[in-house]
Amino acid sequence: MKRVALLTSGLVLVASLAAAQELSKAAKIERLLALTNADATVNLMFDQMRTQMKAMTASQMPAGTTPEQRAKAEDVQTQVLELVKSRMSWEKMRPEYVKLYSETFSDEEIDGMLAFYQSPAGRAMLEKMPAMMPKIMALAQAQMGDLTTDILRIARDAQEK
């Protein structure tokens with residue numbers, strides 16, 4: 001009987017230590033997400049998506065589109081964006097980010113990332129990356145613009161064959 005009680009106590013202790021370690025890892029991940037401004041990155045993604053969708057909608061409006069038709073298209077676009085934002089808001093995504101980081105990175109790797117982002121080089125990266133992101137997006141959009149022409153040509157050639 002004493003053995004069972006001792007074994008049970010040992011298992012409870014091991015489980016408690018594992019839970020404490022996992023909580024510690026989750027807390028580190030939360031810190032890492034805060035340091036890297038993950039919430040702002042998600043919000044920036046939505047802002048960029050909104051801008052891209054508006055530009056795409058405007059470019060696809062046929063000549064002679066009435067102001068009412070434009071307003072209706074913009075309303076639909078707003079509804080779609082709000083739906084996406086509500087389903088993928090930071091509040092809903094944060095626990096999933098924590099889970100993914102926990103499954104993907106070891107404690108030591110999380111510690112290393114924390115050390116980097118708290119270092120002068122890491123802080124510089126965090127400070128300068130927001131200014132660099134629009135430049136990266138513009139570069140990607142320019143490349144996509146070139147690709148779109150080529151993709152349309154390939155599709156047209158395939159249809160002709």
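Okay, let's start in helix H2, where Ala 38, Val 42, Phe 46 and Gln 48 are buried. Keep in mind that this is a predicted model. H2 itself has 23 residues, and from its first C-alpha to its last it reaches 33 Å, close to the 33 Å expected at 1.5 Å a residue.

Zooming out for a second. The chain has six helices and zero strands, so to speak an α-α-α-α-α-α string when you read from the N terminus on. Of its 161 residues, 14% count as buried. The accessible surface comes to about 12100 Å², and carbon and sulfur atoms own 64% of that. On contacts: take those with a separation of 6 or more, and residues 24 or more positions apart account for 77% of them.

Now the inside. Which residues have the most contacts within the largest nonpolar core? That core has 13 residues, and the ones with the most contacts inside it are Ile 29, Leu 32, Leu 33, Trp 90, Ile 110, Leu 114 and Tyr 117. Four helices each supply at least two residues of this core: H1 (2–35), H2 (38–60), H4 (90–104) and H5 (107–118). H1 gives the most, with four residues. If you want one residue to click on, try Leu 114: leaving out anything up to four places away in sequence, Leu 114 touches Lys 28, Arg 31, Leu 32 and Leu 35.

On to the charges. Side chains of opposite charge can pair when their charged atoms come close. Here the count comes to six salt bridges, and I'll walk through some of them.

Glu 30 forms a salt bridge with Arg 94, with the closest N and O atoms 2.5 Å apart. This pair links distant parts of the chain, since Glu 30 is in helix H1 and Arg 94 is in helix H4, 64 residues apart. Buried or exposed, you ask, for Glu 30? Partly exposed, because its relative accessible area is 31%, and buried would need under 20%. Arg 94 also counts as partly exposed, at 30% relative accessibility.

Next one: Glu 82 forms a salt bridge with Arg 50, and there the closest N and O atoms are 3.7 Å apart. Glu 82 lies in helix H3 (residues 67–87) and Arg 50 in helix H2, so this pair ties together parts that are 32 residues apart in sequence. Glu 82 is partly exposed at 42% relative accessibility, and Arg 50 is partly exposed too, with a relative accessible area of 24%.

Then there's a pair inside one helix. The side chains of Arg 153 and Asp 157 meet in a salt bridge, 3.8 Å from N to O. Both lie in helix H6, four residues apart, which is about one turn of the helix. Arg 153 counts as partly exposed at 37% relative accessibility, and Asp 157 is partly exposed with a relative accessible area of 30%. There's also a network: Lys 28, Asp 107 and Asp 111 are joined into one by salt bridges that share partners.

Last stop, the surface. Which residues make the nonpolar surface patch of about 280 Å²? Those are Met 144, Leu 147 and Ile 151. To find the spot, go to helix H6 (residues 120–160), where Ile 151 has its place.

That's my tour, thanks.

Conventions: Residues are numbered from 1 along each chain as its sequence is written. This is a predicted model: local features need pLDDT of at least 70, side-chain atom pairs count only at pLDDT 80 or more; totals for chains, interfaces and linings use all residues. Side-chain values use heavy atoms; hydrogens and water are left out. Patches are made of residues with over 30% relative accessible area and no salt bridge: like charges are joined within 9 Å, nonpolar side chains (Val, Leu, Ile, Met, Phe, Trp, Tyr) within 5 Å. Accessible areas come from the Shrake-Rupley method with a 1.4 Å probe; for residues, only the protein chains shown count as cover. A salt bridge is a side-chain nitrogen of Lys or Arg within 4 Å of a carboxyl oxygen of Asp or Glu. A nonpolar core is a set of buried Ala, Val, Leu, Ile, Met, Phe, Trp, Tyr and Cys residues joined through side-chain atoms within 4.5 Å. Buried means under 20% relative accessible area, exposed over 50%, partly exposed in between (1.4 Å probe, protein chains only). Contact means heavy atoms within 4.5 Å. The expected span of a helix is 1.5 Å times one less than its number of residues.
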